[in-house]
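I opened a new notebook page for this one. I want to go through the structure piece by piece and jot down what I find.

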Amino acid sequence: MRMTTVFVSHASVDDAWASGLENWLIGNGFPDLFVDHTNRSGITAGERWKRALQKAIGRTRAAVYIVTESWLASDICFVEYMNALLSSHGIVKIALILLSGDETLTDVAKKRLDTVQSDEQNLFPGAPSGG
């Protein structure tokens, strides 16, 4: 089974961010990636999207999470994150936290953000706290 180098997780309202990141990754030598909304690497018409996402995460080596208010509100996005977190093959996780601080986050969104930031702390000891 072919491994995908990078999985990009984003909320659908953040497609522009995901497309920009996809273009940057391709331009910097990471052409083998999964971005769900693109014809080139994403989910094809008629494909069962939940299964396709699970398969993509199972094949990935690194996952980049575009963490916005919409991402934090999305159950699907957080499941993608947790699947990578619990992956048996050690996925490298990178969170791009794009929050201004002016957002009014729900309690669930705050807990999700804390989870992402605490995992980041585990990966990079000594990094400043996001809380």
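**Entry 1: a word I need.** Before looking anything up, I noted that a residue is buried when its relative accessible area is under 20%, and exposed when that area is over 50%; partly exposed lies in between. I also reminded myself that this is a predicted model.

**Entry 2: T68.** Is T68 buried or exposed? I looked it up: T68 has 7% relative accessibility, so T68 counts as buried. I found T68 in the loop between β3 and α3. Skipping residues up to four places away in sequence, I saw T68 touch D14, L98 and L99. I also checked E103, which is 35 residues from T68 along the chain; their C-alpha atoms are separated by 9.5 Å.

**Entry 3: L98 and its patch.** L98 touches T68, so I went there next. L98 sits in the loop between β4 and α5. I got 32% relative accessibility for L98, so L98 counts as partly exposed. L98 also helps make a nonpolar surface patch of about 440 Å², together with W17, V92, I94 and L96. Which strand gives the most to the nonpolar patch? I found that β4, residues 92-97, does, with three residues.

**Entry 4: the whole chain.** I stepped back to see the layout. The protein chain has five helices and four strands. Reading from the N terminus, I wrote the order down as β-α-β-α-β-α-α-β-α. There are 131 residues in the chain, and 37% of them are buried. For the surface, I noted about 7700 Å² exposed, with 55% of it supplied by carbon and sulfur atoms. Then I looked at contacts between residues at least 6 apart in sequence: 68% of them join residues at least 24 apart.

**Entry 5: the cores.** How many residues are in the largest nonpolar core? I noted 20, and those with the most contacts inside it are F7, Y65, V67, W71, L72 and Y81. The elements giving two or more residues to this core are α2 (49-59), β3 (60-67), α3 (69-73), α4 (75-85) and α5 (107-123). Helix α4 gives the largest share, four residues. I also spotted a second, separate core of nine residues, with V6, V8, V35 and V64 among them.

**Entry 6: W71 up close.** I picked W71 out of the largest core. Leaving aside neighbours within four places in sequence, I listed contacts of W71 including S9, H10, A11, D14, Y65 and I66. Further along the chain, C77, F78, Y81 and V116 are in contact with W71 too.

**Entry 7: the salt bridge.** I searched the whole structure and got one salt bridge. The side chains that meet in it belong to D75 and R112, at 2.6 Å, N to O. D75 is in helix α4 and R112 in helix α5, so the pair ties together parts that are 37 residues apart in sequence. I checked R112 as well: its relative accessibility is 10%, so R112 counts as buried.

**Entry 8: how far to trust it.** The average pLDDT of the chain is 78, and 77% of the residues score at least 70. Where is confidence lowest, and where is it highest? I found the lowest in α2, with a mean of 74, and the highest in α3, at 94. Over residues 121-131, pLDDT stays under 50, and the model has six contacts beyond four places in sequence for that stretch.

Key. Residues are numbered from 1 along each chain as its sequence is written. This is a predicted model: local features need pLDDT of at least 70, side-chain atom pairs count only at pLDDT 80 or more; totals for chains, interfaces and linings use all residues. Side-chain values use heavy atoms; hydrogens and water are left out. A nonpolar core is a set of buried Ala, Val, Leu, Ile, Met, Phe, Trp, Tyr and Cys residues joined through side-chain atoms within 4.5 Å. Buried means under 20% relative accessible area, exposed over 50%, partly exposed in between (1.4 Å probe, protein chains only). Contact means heavy atoms within 4.5 Å. pLDDT is the predictor's confidence in each residue, from 0 to 100. Patches are made of residues with over 30% relative accessible area and no salt bridge: like charges are joined within 9 Å, nonpolar side chains (Val, Leu, Ile, Met, Phe, Trp, Tyr) within 5 Å. Accessible areas come from the Shrake-Rupley method with a 1.4 Å probe; for residues, only the protein chains shown count as cover. A salt bridge is a side-chain nitrogen of Lys or Arg within 4 Å of a carboxyl oxygen of Asp or Glu.
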